[in-house]
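Here are my notes on the model you sent. Please read them with the structure open.

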Amino acid sequence: MIKFKHIRSRIAFTFLSVVVAIQLAGLIPLKYALGKHANELAEEQINVGERVFVNLLQHNTQSLKQATQVLAADFAFRDAVASNDAETIKSALESYQGRIHAQVAYYISNSEDLVIGTADSKFDVDAREAVLQNQNGTLKFDIVDGKPYQLITVPVKAPDVIGWIVMGFAVDGRLADQIKQLTHLDVTFLQKTAQHDWKLMSGTSTSQLSNVLVKTISDIYKQKLSLHKVDLRGQTYHLKIRSLHETKDEVLLVVLQGSVAPFTRELSQLFQSMVVLTFMGVLIFAALIWYVSRKITEPIAELVKNADEIAMGDYAKEIDINSSDEVGYLGKALNSMREAVLQRTLRIQRLAFNDELSGLSNRLAFMQGMQQAITRHAETQQKFSVLVINIHRFKPINKTLGRDFGDDLLRHVGQVLKENILSEHDVVARLSGDEFAILLQYADQAKATQYADKINRIFDAPVNVQGQAIDVRIAMGIALYPDHGVSEEALLNHAETALHESKVKKAEWIVYNTALEIDQSETLTLISDLKEAIHKSQLLLYIQPKIDVKTRKTLGGEALIRWVHPEKGMIFPDQFIPFAEQTGIISEITNWMLLRACQVLADYKSQGLHMSLAVNLSTRDLNNMELPEQIADLLKTHRLDAKALKLEITEGSLMQDPERAETVVRKLAAMGLHLAIDDFGTGYSSLAYLRQLPVQELKIDRSFVMFMDKNTGDASIVKSTIDLAHNLGLTVVAEGIENEEVLGQLAKLGCDEGQGYFIGKPMPEKDFAIWLERWEGQNEIDIDIGDDLSFAVNPLDGFNPPR
């Protein structure tokens, strides 16, 4: 199938094909009709020739008869016949034979067998009988002495018929030429006798055609048709065959031959003229079609050009429409499509390079911005900074306060970051979830850290979202070009590594350094080793004492976890607990701590020392609906009272899945277990929310306690917390007591219990009795071994290494 590049070519080809087909449809029947007409003309010619031939024979008969009758009526000739004067008769016949150009002449007597002929005439009895049978004076063909003749017989009367005069004319080339001149047909005389087969006697055709005719006449003659159509030497001939004389042994035929070629030639010339005219007409029509098709397709081609421009991304140019036909409608449709594509393209660009929620750039746009910055700074090696920012505890906020609230919070944070960039060339992007990134185009490390401090100061004040004030804490990781990478991927990865470290260490920001990568690699190795440590007794239980702040009487202690690695030695919780929480190993650690705490409690109980231990529960533990049953089995196995264990829960663990966590907490409280809120003040919960939970104790985070003797703001926060907690009927425990001044200040504020390095560092469980004796001695406190002491077992404590 032919394929065309342009529609005008297709139009021209289609119409031209139709025209050619129509012309061929006319020429082919014409060719057939002309051929048929040529045959008809040839047939008509030979039929006319046959009639002419018959008329010629009749005319010759009449002429010869009249001429012979003149002789028969001559008185002298009749007198010679009456007297049987043979010499006179012969002389008269010879004289008259020459006068009418006859080849033979005879006189046949009626009464006697008298036959008188000219000197060159040979006559036999058979000839006499033939003459007598033709007494009516008609022309008759016969073969005499092996030669064909035309014979005319005229009676001689005196007054009755006394004899006959016979004149004979040879059937030869003269007769054939005469017939051809009148009919314009070739004439051939053929003869067959008993002595020989078909033989050419005379004719006007070429010897070659005559010979072919002689060879084929036998089959043709047998067909008994009025008209024969034969092929002689590559040419078509029409034949008319007439029998001039036919007996049992003799046959004389005349064949009239008309070739179709002359008629075909003339009509072929006519057909060729028609073909030439048709070809010229097709050329003229083709030129006209091409011109018309170009005129028709020019506006379409222009629309195609406009469509190509649209395909290349040029949507600004509007298509000019100059017609109101279908092309005009197509132009209008293209204009509508161009506008729609433009709008969709703009939207796609927005979606491709902008964050739909916050309106900031997205990760792709941020990566391109870094790439462009790298290109600009490649030669000068001028520094620029990449900051990655994450919102602390965004997931529980989103779950607790709703997705709409979380979306508004993200928009607010993004807007704050955008409003506080250092230059108009800086880029602020939302990478994913609650993670943002900032590209400070012209900031070195000093400027980047100053900027980080500025952003943190902004978020020190509560953020108002949907009419609700909420504290927002962020963590930041900083990477510098070219110090920390020369590609956008390296810079972003290193900034995210620093961000992760800042979250682990609860720092406001951290600048990337290669040691962070080493720490992460070691941490991954430690996670693998931690699984074995749980089952190979590499974990140890340490106890940190807890006292009554006012009386300084020992109330118990908080147990902390330590890991003695076979190769690395003592490993503190801040090096493995965060990753244990992420990987789920924390649940196995909690199970180990609960089991070990129950074993210690049972051991002290057997020594007569009654106390309770508090175990910190992780987020995963609060989502474990089977935890209450597991603890109940441990208490039953070790024969311990429910109050022997204190369970400490953090605000963060409560806020991850509040509904599920509250269900587990209420089941634990129903068992009689003592529940405490650990690290209060670092999360997002409020006392109003905690009031709904069945807790009995609240522990103030060490970050508010450690420097309250020097920071009046921290002291005010601690005082407010103590007052509010007491109003709710909760016991208050202060962590992080580092000196005598803080301990005394807490006593004045009405704090109930306290713990810290000033009171006692975490120590192995076997050393606790030694410390107890020394502490009670220093403070001159009377203690009975039967008094209840309280110890807290906290696998998540110890993020700050012992001093």
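In what order do the five strands of the open sheet with mixed pairing lie? Point 1 takes this up; bear in mind throughout that the model is predicted.

1. The order is E12-E13-E11-E16-E17, and the sheet is open, with mixed pairing. Its edge strands are E12 (427-432) and E17 (509-511), each of which pairs on one side only. Between neighbouring strands of this sheet the average turn is 20°, direction ignored.

2. At one edge of that sheet, E12 runs antiparallel to strand E13, residues 435-440, and five bridges join the two. To find the register, start from Val-428, which stands opposite Ile-438 in E13.

3. Helix H9 (residues 363-377) packs on this sheet. The strands that H9 touches are E11 (384-391), E12, E13 and E16 (474-481). The direction of H9 makes about 20° with that of E13. Helix H13, residues 488-504, lies across E11, E12, E13, E16 and E17. H13 runs at about 145° to E16.

4. His-484 deserves a separate look. This residue is found in the loop between E16 and H13. Is His-484 buried or exposed? The relative accessible area of His-484 is 13%, and the cut-off for buried is under 20%, so His-484 counts as buried. Its side chain reaches the backbone oxygen of Tyr-512 at 3.1 Å. Leaving aside residues up to four places away in sequence, His-484 touches Ile-478, Ala-479, Ala-490, Leu-491, His-494, Val-511 and Tyr-512.

5. There is another open sheet of five strands, in the order E7-E6-E10-E9-E8, and here the pairing is antiparallel. The edge strands are E7 (199-203) and E8, each pairing on one side only. From one strand to the next, the twist averages 35°. Helix H6, residues 207-222, packs on this sheet and touches E6 (186-192), E7, E8, E9 and E10. The direction of H6 makes about 65° with that of E9.

6. Within the antiparallel sheet, E9 pairs with strand E10 (residues 251-259) over nine bridges, in the antiparallel sense. One pair to check is Ile-241, whose bridge partner in E10 is Val-255. E9 (residues 235-246) also pairs with E8, again in the antiparallel sense, over five bridges. Here Lys-229 stands opposite His-238 in E9.

7. E8 and E9 form a hairpin, with two residues between them. Arg-233, in the turn, has a positive phi of about 55°. Which residues of E8 (residues 228-232) make up its covered face? They are His-228, Val-230 and Leu-232, while Lys-229 and Asp-231 make up the uncovered one. In a regular strand, side chains alternate between the two faces of the sheet.

8. In helix H2 (residues 75-82), the buried residues are Phe-77, Ala-80 and Val-81. Seen down the axis of H2, these residues fall within an arc of 100°, so they line one face of the helix. The face turned away from the buried side carries the exposed residues Phe-75 and Ala-82.

9. Both ends of H2 can be described. Asp-74 caps the N-terminal end, where a side-chain oxygen lies 3.3 Å from the backbone nitrogen of Ala-76. After H2 comes Asn-84, whose phi is positive, near 55°.

10. What does H2 pack against at an angle of about 145°? The partner is helix H3 (residues 86-100), and the two axes are 8 Å apart. The crossing of H2 and H3 is left-handed. On the H2 side the contact is made by Phe-77, Ala-80 and Val-81. On the H3 side it is made by Thr-88, Ile-89, Ala-92 and Leu-93. The contact residues of H2 just named are its buried residues.

11. A last position is Ile-296, which lies in helix H7 (residues 261-311). Ile-296 is partly exposed, with a relative accessible area of 45%. The C-alpha atoms of Ile-296 and Val-327 are separated by 9.3 Å, and the two residues are 31 residues apart along the chain.

Notes
Residues numbered from 1 in each chain as written. Predicted model: local features only at pLDDT ≥ 70, side-chain atom pairs only at ≥ 80, totals over all residues. Heavy atoms only, no water. Pairing = 2+ DSSP bridges. Helix = DSSP H or I, 4+ residues; strand = E, 2+ residues; numbered from the N terminus. Axes fitted to C-alpha atoms, helices over the stretch in contact; angles between N-to-C directions. Contact = heavy atoms within 4.5 Å. Buried < 20%, exposed > 50% of the residue type's maximum accessible area, 1.4 Å probe, protein only. Arc of directions from axis to C-beta. Polar contact = N/O pair within 3.5 Å; in protein donor to acceptor, adjacent residues only side chain to side chain. Left-handed = near helix turned anticlockwise from the far one by under 90°.
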